[in-house]
Structure formats: C-alpha cells, structure tokens
Amino acid sequence: MAKKVKMVFVTQNTAPFRMQWLDELAGFIDITVYHLGEYDSTMNSKYISYVPRNIKIKEEFRSIGKHRFFKPKKIIAEKADIILLDGYGFIGQIAMIAYLRLHNIAFYMSLDGGFIPTEESSFKKAIKRFCLNGANGFFSTAEMTDNFIKHYLKKPKPIYRHFFSSLYSSDICRVDKARKAKYKQKLGLENKFTVISVGRFIPVKGFDILLKAAAKAEDGICFVFVGGKPTEEYNRLVSDINPESIRFVDFLNKESLKEYYCAADVFAIPSRGDVWGLVVGEAMAYGLPILSSCNCIAAVSMVKNGENGFIINDEDPESYLSKIAELKTNPELIKTISENNYLLIRKYAMDISVINDIKNIASILNVKITEDGFDE
C-alpha cells in the first residue's frame with residue numbers, strides 16, 4: 001500500500017524559488033511550510049508575489065523585541081515524517097534548532113551554499129557547529145557546499161545532492177540568430193554586443209567592476225544592468241561613461257526579463273560573495289556564456305572554463321573585458337558554450353530535479369518508491 005509522506009519545511013520567508021520547488025515536490029508528498037515572514041529590506045515586493053498552489057503555508061510566530069520565533073510545539077504537532085530546515089542563519093532558526101536538539105527530535109537541513117572563512121570569531125564558529133552538528137543530514141547544492149558543511153561537523157553526516165534553481169524545463173529557451181536579432185531590435189540593442197547582469201545594486205554584487213569595464217570598453221559593446229536603480233555611488237561611476245555603453249533597467253517580471261536574456265550575448269556576475277546565484281542558471285537556460293567571479297558558488301559549481309564560460313579570479317575590470325573580447329570575436333565558441341549550457345542546466349530544472357529529491361527522501365525514510373508513491 002502506498003504511503004503518503006509528510007514533510008514540514010521551516011524557513012524564514014516564502015521566497016518564490018523555494019515555494020516553486022516545494023510545489024513540485026508536493027506532487028509526491030504532503031508539505032506544510034512554516035515561516036516567519038522576514039525579508040531583506042532591499043527585497044523588491046514584486047519578487048515575493050508567487051502564490052503556492054500545492055503546499056500549505058502557515059505564518060505562525062511569537063515576537064520577542066524585534067525578533068520573531070517559531071512556535072516549535074505547533075511544528076512538532078504536525079507529526080511529519082521529515083522536518084527540513086532552510087538553513088540556520090537567523091535567530092528564529094537557531095532557536096528552533098536549539099529546541100529540536102533539546103528534545104532529541106530529528107531534523108534535516110537544506111543549505112544553498114557557504115564559504116569557509118579564512119578568519120572567524122570563536123562565537124560564530126561555535127554557532128555554526130551547534131546548528132550543523134544538530135542536523136541528521138543535509139540537502140546540499142554542490143561540492144563547495146559539502147566542504148563547508150564538513151568543515152564544521154564533528155563526525156560525518158549524510159549529504160544529499162539538491163540541484164538548486166529557479167527554473168522549469170519549459171524555461172530552457174534555445175535562442176537562434178533570428179530570435180536574438182528580433183529582441184535586440186525590440187530593446188534598442190541592435191548592432192550591440194550585449195553583456196547582461198541581473199541583481200540588486202548592493203556592493204556584494206560587484207556591479208562597480210563591470211561599470212569600470214564599461215568605461216574602457218570598445219565601441220559596440222553595451223553593458224545592461226537589470227534589477228533596480230543605481231545608488232549614488234554607482235551614478236558617480238557612470239558620469240564619465242559613454243551612455244551608449246551602459247543601460248540600467250529596473251526590476252522585471254519573468255516574461256520581461258526573458259526578452260533581455262534573449263537579446264544578450266554574455267552574462268556576467270562579478271560577485272563578491274553569492275552563497276548560490278540563481279541568475280547563473282537562468283542565464284544558462286538561454287544559452288549565455290557565463291563570466292563569473294570565483295565568489296559565486298553556482299558559477300564555480302557549474303562553469304568549466306571554455307565549456308560554459310569563464311571563472312575570473314580577480315576584480316580587475318580588464319580581466320572581464322579580455323574574456324568579453326574573446327567571446328565577441330569567436331561566435332563558434334559562443335555556439336559551443338550555448339549548447340553545453342542548454343544540456344547542463346536541464347538537470348537543474350525543478351520539474352526534473354525533483355525526482356532526485358524524492359529519491360533522497362526515500363533514502364532518508366528507508367522506503368521504496370512505487371508508481372503510487374512510497375511503500376508503507
């Protein structure tokens with residue numbers, strides 16, 4: 001007889017990419033999400049507009065001062081087969097972990113990524129060790145994430161691969177020359193070799209590096225920044241740049257952003273520290289070569305130099321310009337990279353990768369997968 005597996009997912013907020021993944025997973029298991037409704041102050045409200053279809057959402061918390069905390073007894077009362085925590089980085093999550101550990105309740109943790117610090121206070125290290133060693137196992141996105149987890153563990157714990165993206169297989173879009181030309185014309189980018197970057201205007205994204213590159217770029221190259229309005233600091237960098245070389249575009253919905261991906265020739269992410277970097281997968285889905293710093297885990301995990309793009313190990317704008325020039329003069333290389341990226345990103349599509357997650361859950365619960373679900 002098939003068993004209906006029940007999971008409780010505990011998270012800080014209903015980030016759309018996470019809820020979309022859980023919606024796919026809910027085709028196989030019963031999922032309830034508990035969250036605190038806490039969002040980064042720089043988050044665009046349009047970004048969090050996704051309405052889940054298949055999962056139950058519960059925003060239940062108690063406040064102490066400025067902080068929100070889960071109601072652990074409510075979560076335990078769900079009697080779930082598996083409790084999965086979305087990281088450990090907020091006070092509410094740490095308190096929840098402490099409760100679960102105190103009451104000897106098993107839980108698993110999903111981690112997008114993590115950088116092993118060269119220097120770290122003993123307090124921060126102790127918190128990470130306390131949280132990570134409490135988990136029974138981990139859903140991890142990549143080898144770099146695995147290494148981060150292992151760095152803090154006292155003894156080995158099971159690590160399950162989770163292919164993390166914001167994509168569906170239907171989002172993978174092969175862009176031929178005619179289609180690219182169509183969108184270049186529509187967006188006023190015809191006769192421009194277009195480098196696109198997507199994200200918020202915050203220092204960690206490294207947009208200042210690309211702006212400095214734009215200031216030195218040859219005619220015919222345009223840098224397009226999508227995701228918000230530049231701050232005063234960025235506007236100062238722009239003052240001496242040829243306006244034909246740069247363009248700023250506010251936050252776009254998925255369909256509008258698609259047009260820019262189709263029109264672009266290269267995607268660049270000069271990040272100073274992306275724990276993952278969902279936009280890398282989005283750009284790959286349109287066949288774009290990736291130029292990334294070594295501080296974006298998604299890019300480091302998926303990009304092989306010359307096959308999917310290039311990893312750039314310093315913040316020198318000239319390094320980005322050099323690779324842009326190499327790609328601009330080598331359409332065959334772009335064609336090869338595009339095909340590689342279409343093939344690679346497919347396994348990250350949520351409607352495909354969810355099968356791997358089901359296998360992970362079956363392994364955790366020590367049950368077999370049947371056509372109807374899971375064995376009793």
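I take buried to mean under 20% relative accessible area, exposed to mean over 50%, and partly exposed to mean in between, with a 1.4 Å probe and protein chains only. The model I am reading is predicted, so I accept local features at pLDDT of at least 70 and side-chain atom pairs at pLDDT 80 or more, while totals for chains, interfaces and linings use all residues. Residues are numbered from 1 along each chain as its sequence is written, and side-chain values use heavy atoms, with hydrogens and water left out.

**Entry 1, cysteines.** I began with Cys262, which counts as buried because its relative accessibility is 0%. I then looked for disulfides, a disulfide being a pair of cysteine sulfur atoms within 2.5 Å, and by this rule I count zero. Cys262 therefore takes part in none, and the nearest cysteine sulfur, in Cys173, lies 4.4 Å away. For Cys294 the closest cysteine sulfur is that of Cys296, at 10 Å, which is too far for a bond. Cys294 counts as partly exposed, with 30% relative accessibility, whereas Cys296 has 0% and counts as buried.

**Entry 2, the surroundings of Cys296.** I use DSSP runs for the elements, numbered from the N terminus: helices are H or I runs of at least four residues, and strands are E runs of at least two. On that basis Cys296 sits in the loop between β15 and α11 (297-302). Which residues does Cys296 contact when its neighbours within four places in sequence are left aside? With contact taken as heavy atoms within 4.5 Å, I find Phe115, Ile269, Ser271, Asp274, Trp276, Gly277 and Val280. I also noted that the C-alpha atoms of Cys296 and Gly114 are 10.0 Å apart, although 182 residues separate them along the chain.

**Entry 3, the six-stranded sheet.** Strands count as paired if DSSP finds at least two bridges between them. Six strands in parallel pairing make an open sheet, and I read their order as β13-β12-β11-β14-β15-β16. The edges are β13 (246-249) and β16 (309-312); each has a single partner strand, so one side of each is left without a neighbour in the sheet. From one strand to the next the twist averages 20°, where axes are lines fitted to C-alpha atoms, for helices over the stretch in contact, and angles run from 0 to 180 degrees between N-to-C directions. Four bridges link β15 (residues 290-293) with β16 in the parallel sense, and Ser293 has Ile312 of β16 as its bridge partner. Helix α9 (residues 254-263) lies across β11 (193-198), β12 (221-226), β13 and β14 (266-269), at about 140° to β11.

**Entry 4, the seven-stranded sheet.** A further open sheet has seven strands, in the order β4-β3-β2-β7-β8-β9-β10, again with parallel pairing. Here β4 (56-58) and β10 (159-161) stand at the edges, and each has a single partner strand, so one side of each lacks a neighbour in the sheet. The twist averages 25° from one strand to the next. Between the parallel strands β7 (residues 82-86) and β8 (residues 108-111) I find three bridges, and Leu85 is opposite Met109 in β8. Helix α1 lies across β2 (6-11), β3 (30-35), β4 and β7, at about 180° to β2. Helix α14 also packs on the sheet, touching β2, β7, β8, β9 (138-140) and β10, and its direction makes about 160° with that of β10.

**Entry 5, empty space.** I searched on a 1 Å grid over the protein atoms alone: a cavity is a set of points where a 1.4 Å probe fits but cannot get out, a pocket is an open set with protein on both sides within 12 Å along at least five of seven lines, and lining residues have an atom within 4 Å of a point. Grid points are joined across faces, edges and corners, and a volume is the space filled by probe spheres set on the points. The whole structure yields one cavity of 30 Å³ or more, and the largest cavity holds about 50 Å³. Its lining is Phe17, Arg18, Trp21, His162, Phe163, Phe164, Ser165, Met350 and Ser353. The elements giving two or more residues to that lining are α1 (16-25) and α14 (350-365). The second largest pocket contains about 670 Å³; of its 24 lining residues, the closest to its centre are Val175, Lys177, Lys180, Pro331 and Ile334. Helix α13 (331-345) is one of the elements that supply at least two residues of this lining, and α13 gives the most, with seven.
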